[in-house]
Amino acid sequence: MVSMKKRAKERSRPKTPWFMEALGLLCLAAGFLFLVSLITYHPSDSKLIVSFRVMGPVKNMVGPVGAYIAQALMFLVGVASYW
């Protein structure tokens, strides 16, 4: 009888390792970073990729990394990258 209760208790508890939760939080943070970089996308930041030097202040809130991410997503997927 004790073993049946123990088995039922083990089945009711989900078995998720801590690294799966950390991976989920990391993916959530990366998705938020991509979203912010896409929302603050400015076409003048695309000159960064072409010239490889800063022509002026970057208008993306994430910075030059966000400008690169937004430009790459807009180049590869276009406006559909918002979805």
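Is Lys59 buried, partly exposed or exposed, and what is its relative accessibility? Lys59 counts as partly exposed, because its relative accessibility is 46%, a value that lies between the limits of 20% for buried and 50% for exposed. The structure discussed here is a predicted model, and its protein chain has 83 residues, of which 19% count as buried. The secondary structure comes to 4 helices and 0 strands, so that, read from the N terminus, the order of the elements is α-α-α-α.

**The chain as a whole**

- The accessible surface of the protein chain comes to about 6900 Å², and 72% of this surface belongs to carbon and sulfur atoms.
- Among the contacts in the protein chain with a separation of 6 or more, 45% are accounted for by residues that stand 24 or more positions apart.

**Helix H2**

- Helix H2 takes in residues 18–39, and because its 22 residues should span 32 Å at 1.5 Å a residue, the 32 Å between its end C-alpha atoms agrees with what is expected.
- The buried residues of H2 are Val36, Ser37 and Leu38, and what covers these buried residues includes helix H4, residues 64–76.
- Leu35 also lies in helix H2, but it counts as partly exposed, because its relative accessibility is 42%.

**Helix H4 and the residue after it**

- Helix H4 has 13 residues and reaches 18 Å from its first C-alpha to its last, which is close to the 18 Å expected at 1.5 Å a residue.
- The buried residues in H4 include Gly66, Ala67, Ile69, Ala70, Gln71 and Met74, and H4 itself is part of the cover over the buried residues of H2.
- As background to such a list, an α-helix has 3.6 residues a turn, so residues three or four places apart point the same way.
- Gly78 follows H4, and the phi of Gly78 is positive, near 85°.

**The loop between H3 and H4**

- Lys59 has its place in the loop between H3 and H4, and, leaving aside its neighbours within four places in sequence, Lys59 is in contact with Thr40, His42, Ser44 and Asp45.
- One of these contacts, His42, is 17 residues from Lys59 in sequence, while the two C-alpha atoms are 6.5 Å apart in space.
- Val58 is likewise placed in the loop between H3 and H4, and it counts as partly exposed because its relative accessible area is 26%.
- The C-alpha atoms of Val58 and Ser44 are separated by 8.4 Å, although these residues are 14 residues apart along the chain.
- Gly56 is found in the loop between helix H3, residues 47–51, and H4, and with a relative accessible area of 33% it is partly exposed.
- Between the C-alpha atoms of Gly56 and Asp45 the separation is 8.8 Å, and along the chain these two residues are 11 residues apart.

**Aromatic pair and nonpolar surface patch**

- The structure holds 1 aromatic pair, which is formed by Trp18 and Phe19 and is edge-to-face, with 6.2 Å from centre to centre and 85° between the planes.
- Within this pair, Trp18 counts as exposed at 69% relative accessibility, whereas Phe19 is partly exposed, with a relative accessible area of 46%.
- A nonpolar surface patch of about 760 Å² is made by Phe32, Leu35, Ile39, Val79, Tyr82 and Trp83.
- Two members of this patch, Leu35 and Tyr82, are 47 residues apart in sequence, yet their C-alpha atoms are 7.7 Å apart in space.
- Leu35 can belong to such a patch because its 42% relative accessibility is over the 30% that a patch residue needs.

Conventions:
Residues numbered from 1 in each chain as written. Predicted model: local features only at pLDDT ≥ 70, side-chain atom pairs only at ≥ 80, totals over all residues. Heavy atoms only, no water. Helix = DSSP H or I, 4+ residues; strand = E, 2+ residues; numbered from the N terminus. Expected span 1.5 Å × (residues − 1). Buried < 20%, exposed > 50% of the residue type's maximum accessible area, 1.4 Å probe, protein only. Contact = heavy atoms within 4.5 Å. Areas by Shrake-Rupley, 256 points an atom, 1.4 Å probe, with all protein chains shown as cover. Phe/Tyr/Trp six-rings, centres within 6.5 Å; stacked < 30°, edge-to-face > 60°. Patch = residues over 30% accessible without salt bridge, like charges linked within 9 Å, V, L, I, M, F, W, Y side chains within 5 Å. Salt bridge = Lys/Arg side-chain N within 4 Å of Asp/Glu carboxyl O.
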